[in-house]
Amino acid sequence: MMTAWLNLTKKELRLGVPAFIIPLVAFVLLVAVAAYFGQRAGYPWEAVAIVALSAIGVQGMYLVYYLLYSLASERKKMHLWLHTPMSGYSLLLAKLVAALISMVITFAITGLTLMVAVSSVENIPIQIRWMEVADIGLLGSIHIFLIAINFAVWFLFFWMIFLLLSRTLSTFLSLIATFFSFIIINVIIYGWFTETAFYRAITMWGPINLDEILFSLSMTSSLDGGTDVATETGPLTVYFGFYFTEALFTLLIFVAACWILDRKVEV
């Protein structure tokens, strides 16, 4: 069974090759353009760093983009996909894992580019403490992946609703109905739920003081004119309960998506 699932994941990776290649090609082109114009302005590495940082920032939506491509391609041969002997859980998990593998590689390339660009910048007006930058980078990277997974699971759920609606409605009407279901479920109901005292009670426990993990950002820079500038961040606290609750909700949404695929979506 495990071998069959691994083969399915390999098939998903092959299916997603265009979705994997296109952002990388676009990134390389943008870096080349930024380096060219940055060179003419005298700031080549700064321009590259901005492009790399922007590329990292948008990767919270990477899994949604990848899954959209994969599921849209799969819809053209839905009968083959759904007629495999595997459960909906195995089918969707294979797609999610393939998307995550692609994201890890893409994230590593953009992150490495950013590190090379920042380390190559000359005359940085602040003293960079690389250990602290590494801590921030690690924390930021973890959160980008968590956000991406959360978005991806919500996307899978609403894609299953779209497939369910498309059994009786046209593609256009199914998209419209799915959009309104997103507004009702995710924006109105879930948004209201996150404002309740119950939600605060189940999320605001287990405080984690990031000052202990990172540092109280203190940068002292010497500007060209010899002026010293000091910047301090205030205390920043997150709650373990928030991560636990959101992880639990994400798991429940994934289970619901698998259930819809298994029980309701037919060819």
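In this predicted model, H6 and H11 sit oblique to each other, because their axes cross at roughly 125°, and angles over 115 but not over 145 degrees are counted as oblique. The two axes come within 8 Å, and the crossing is right-handed. On the H6 side, the contact is made by Gly 88, Tyr 89, Leu 91, Leu 92 and Leu 93; H11 answers with Phe 254, Ala 257, Cys 258, Leu 261 and Asp 262. Sorted by class, the residues of this contact come out as eight nonpolar, one polar and one charged.

H6 also meets helix H1, which covers residues 2-15. Here again the axes come within 8 Å, this time crossing at roughly 55°, so H1 and H6 are oblique to each other too. This crossing is right-handed as well. From H1, the contact draws on Trp 5, Leu 8, Thr 9, Glu 12, Leu 13 and Leu 15. From H6 come Ser 90, Leu 91, Leu 93, Ala 94, Lys 95, Val 97, Ala 98, Ile 101 and Ser 102. The tally by class for H1 with H6 is 10 nonpolar, three polar and two charged residues. Leu 91 and Leu 93 of H6 turn up in the contact with H11 and in the one with H1.

H6 and H11 come up once more around the second largest pocket, which has a volume of about 490 Å³. Its lining is made of 20 residues, and the elements giving two or more of them are helix H6 (88-120), helix H7 (130-165), helix H8 (171-193) and helix H11 (240-263). H7 gives the most, with eight residues. Nearest the centre of the pocket lie Leu 146, Asn 150, Glu 246, Ala 247 and Thr 250. As for chemical character, the lining of this pocket has 15 nonpolar residues, along with four polar ones and one charged.

Terms used:
Residues are numbered from 1 along each chain as its sequence is written. This is a predicted model: local features need pLDDT of at least 70, side-chain atom pairs count only at pLDDT 80 or more; totals for chains, interfaces and linings use all residues. Side-chain values use heavy atoms; hydrogens and water are left out. On a 1 Å grid over the protein atoms alone, a cavity is a set of points where a 1.4 Å probe fits but cannot get out, and a pocket is an open set with protein on both sides within 12 Å along at least five of seven lines; lining residues have an atom within 4 Å of a point. Grid points are joined across faces, edges and corners, and a volume is the space filled by probe spheres set on the points. Helices (H or I, at least four residues) and strands (E, at least two) are DSSP runs, numbered from the N terminus. Ala, Val, Leu, Ile, Met, Phe, Trp, Tyr, Cys and Pro count as nonpolar, Asp, Glu, Lys and Arg as charged, and the others, Gly among them, as polar. Axes are lines fitted to C-alpha atoms, for helices over the stretch in contact, and angles run from 0 to 180 degrees between N-to-C directions. Angles under 35 degrees count as roughly parallel, over 145 as roughly antiparallel, 65 to 115 as roughly perpendicular and the rest as oblique. A crossing is left-handed if the near helix is turned anticlockwise from the far one by less than a right angle, and right-handed if clockwise. Contact means heavy atoms within 4.5 Å.
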